[in-house]
Amino acid sequence: EDGHQLWLRPHAATPVTVVAPAKNSVLLATARQELQQGWQGRAGATVTLALKKDKAIRYDGFRLSTQSVQANTERGILYGVYELLRRQQTGQALADGISNPSYEHRLLNHWDNPDGSVERGYAGQSIFWRKDSALVVTKRDQKLWQEYARANASIGINGSVLNNVNASPLILSAEYLGRVKAIADALRPYGVKTYLSVKFSSPVLLGGLKTADPLDPAVIKWWQSKAKEIYQQVPDFGGFLVKASSEGQPGPQDYGRTHADGANMLADVVRPYGGLVMWRAFVYSPSDKDRAKQAYNEFVPLDGKFRDNVIVQVKNGPVDFQPREPFSPLFGALKKTAVMPEFQITQEYLGHEIDLAYLAPMWEECLQSDTYQAGPGSTVARCTDGSVYRQAHSAMAGVSNVGLDTNWTGHDFAQANWYAFGRLAWNSSTKSAQIAEEWLKLTFQNAAAQPAASAADWNAKFLTPVTQLMLASREAIVDYSMPMGLHHIMSATHGHYGPGPWWGPPGMRADWTPPYYHQAAANGVGFDRTKTGSDAVSQYHEPLASQFNDPATCPDQYLLWFHHLPWDFKMKSGRTLWDELALHYDRGVQQVRQFQRTWDQAQPYVDAERFGAVQNKLRTQSGNAVMWKDACLLYFQQFSRMPIPAAVEPPMHTLEALIIYDTPPRPPRPARQP
Ligand code: BDP
């Protein structure tokens, strides 16, 4: 068992007759084939696939009954077929009814570079690009792309951005576009559209122009002819994703233009072809005071100035994909602009491919956060899916964790995050628990190792405890790394893995170092974002602004995000802030140990390969959790000067050893104190 089949494990199918429109369509052919190889309903049943207009069906939605799938689009038929098969396989009842996607566009963003490396990738090299003979398309490439597309289609993902937001201009060269075409050809039969990230200065770097000013006629002409070239190769090309004027990337601001000027120019270029521009709002510079406020300050004045085929792509939190952030205040604040949430599926800040982190609860938390921007109930989900504000397009993006590793994602459980992203983009109100159960059933049931287990046994001894483990996993990471609103205190030495509250080489930009974010000092800890501090609270709509502003009403989980508080501040629990913090760190460590026990007990129900792989990773995670706890408590204790509470396991490392461990070149793992 190598995990390559993901949640699409082959199983014995019963015969089925498929009646489909007599249309020569690749998508319908895919749907028919999936039904025939996956049918587990009544043997000899007839299933009708009906393509007809129905006003109650939206986008690529479908109407399902036990023996028919009806949709407005061919994609809708395919998604209905996957849903039918999923229900059969997971034993979920099939109530006749309509299922409509929450978002029109459900995309993966790949941070893959033309040389085959993957930025923040933890599952091997890129599945799309490679260094050697980069442009030769092999049979193996095509097979892998097809498998990838099928996995996406099975969970409703209908678009892929093939390259890094820190885009190389090379991607738009004729050579690379040839490979883009080959990829698009492999994804199309599964309804997955192809998009590209583009570098704003491509007209200069690739086209040899003197400027990339979005208002310059020669620049516009360059983009127009590039778009023409792309659409000749890929007639259903989805459009561009742009990271501009951000983290050193070029952008319209280099020419005194706004984000709207830049986005609109590209939007006009792709409009004749029905293309979209996803323009990222991940912008900040070292000059301003509070990084958390900058995107809002930049984009809110531009509300209403974007073309209707531009979608502003906003990370879930105002800083950067941290284990926990409050939602970005841009959600709901942009009222005349289409806004899409961007989540990070790859675990840059949540343990890479080592830690077990099921991320659906984090995304659910963001999507269900109430922005109050149009009254109570204006959740992030509703502010972005078109139900609160009229927007011509809606979308959700996830930064993919897929690579060439046999199991695609490095950690076997990281597959669940790919799966969960698709399911939530399809229906943003699906519960994390339901998704976890579904994924576990599809991924581990019927695995060779447990034929003897009865269904009831499997449910009680595997499904229930492992679902619980998954649901608790993200909070455990928050607890042992950045509890109570702490954020961005990881080490940058080793690619954002492990603790680094002390981190900051000489000359480093302050806003890239942890002390900027935790502000630990003798007088307390936390970032003061209250009205008398950076005033980031005011970017939230009431009642949130007041609620966040007052430590008495600010939820504990965001306390140190919004407040700088004394170490002996009295928490709602009655404990001091210091004690509470220490207990969170300890709880995180204990949780991981509990995960280890849960997994050990699941052994009889899992194949040996995946059991062993997950067991090993949990062991490493457990040790790393202790390092996080020890590092943060010992580091903060220098300021708090308070004793570690008796209920907390005493540190087994010294701070010095942990700091040395974090200093390149990495020395051997620090010895534990006797
Ligand atoms: C940061 C990553 C960096 C990305 C950036 C982004 O560390 O690699 O380029 O996000 O989203 O979190 O653009």
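In this predicted model, the axes of helix α3 (residues 139-154) and helix α4 (residues 174-187) come within 8 Å and cross at roughly 50°. An angle of this kind falls outside the parallel, antiparallel and perpendicular ranges, so α3 and α4 count as oblique to each other. The crossing of this pair is right-handed. On the α3 side, the contact is built from Q142, W145, Q146 and A149, and I183, A186 and L187 of α4 meet them. Sorted by class, that makes five nonpolar and two polar residues, with no charged residues in the contact of α3 with α4.

Further along the chain, α11, α12 and α13 give two more helix pairs to look at. Helix α11 (residues 415-426) and helix α12 (residues 432-444) have axes that come within 10 Å and cross at roughly 125°. These two helices are therefore oblique to each other, and their crossing is right-handed. From α11, the residues that make the contact are Q415, A416, Y419, A420 and R423, while α12 puts in I435, A436, W439 and T443. The class split here is six nonpolar, two polar and one charged.

Next comes the pairing of α12 with helix α13 (residues 455-481), packed at an angle of about 125° with the axes 9 Å apart. That angle makes α12 oblique to α13, and α12 passes α13 in a right-handed crossing. The α12 side of this contact consists of S432, A433, A436, E437, L440, K441 and F444, and the α13 side of F462, L463, V466, T467, M470 and L471. Nine of the residues in the contact of α12 with α13 are nonpolar, two are polar and two are charged. A436 of α12 turns up in the contact with α11 and again in the contact with α13.

Stepping back to the whole chain, the domain assignment gives domain 1 (16-99), domain 2 (105-430) and domain 3, which is put together from 480-527 and 564-661. Taken over C-alpha atoms, the centres of domain 1 and domain 2 are separated by 29 Å. Eight residues from domain 1 and eight residues from domain 2 take part in the contact between them. On the domain 1 side, the elements that give two or more residues are α1 (26-38) and α2 (74-90). Of these, α2 provides the largest share, four residues. The domain 1 side as a whole has five nonpolar residues, one polar residue and two charged ones.

As for the ligand, its surroundings consist of E119, R120, V165, N166, K243, E247, F282, D320, F321 and E348. Charged residues account for six members of this shell, nonpolar residues for three and polar residues for one.

Two backbone details round off the picture. The peptide bond from E542 to P543 is cis, with omega near 5°. P543 sits in the loop between α14 (514-518) and α15 (544-549). The other detail concerns L6, which has a positive phi of about 55° although it is not a glycine. L6 belongs to the segment before β1 (16-19).

Terms used
Residues numbered from 1 in each chain as written. Predicted model: local features only at pLDDT ≥ 70, side-chain atom pairs only at ≥ 80, totals over all residues. Near = placed C-beta within 6 Å. Nonpolar A, V, L, I, M, F, W, Y, C, P; charged D, E, K, R; others polar. Domains from an automatic or database assignment. Contact = placed C-beta atoms within 7 Å. Axes fitted to C-alpha atoms, helices over the stretch in contact; angles between N-to-C directions. Parallel < 35°, antiparallel > 145°, perpendicular 65-115°, else oblique. Left-handed = near helix turned anticlockwise from the far one by under 90°.
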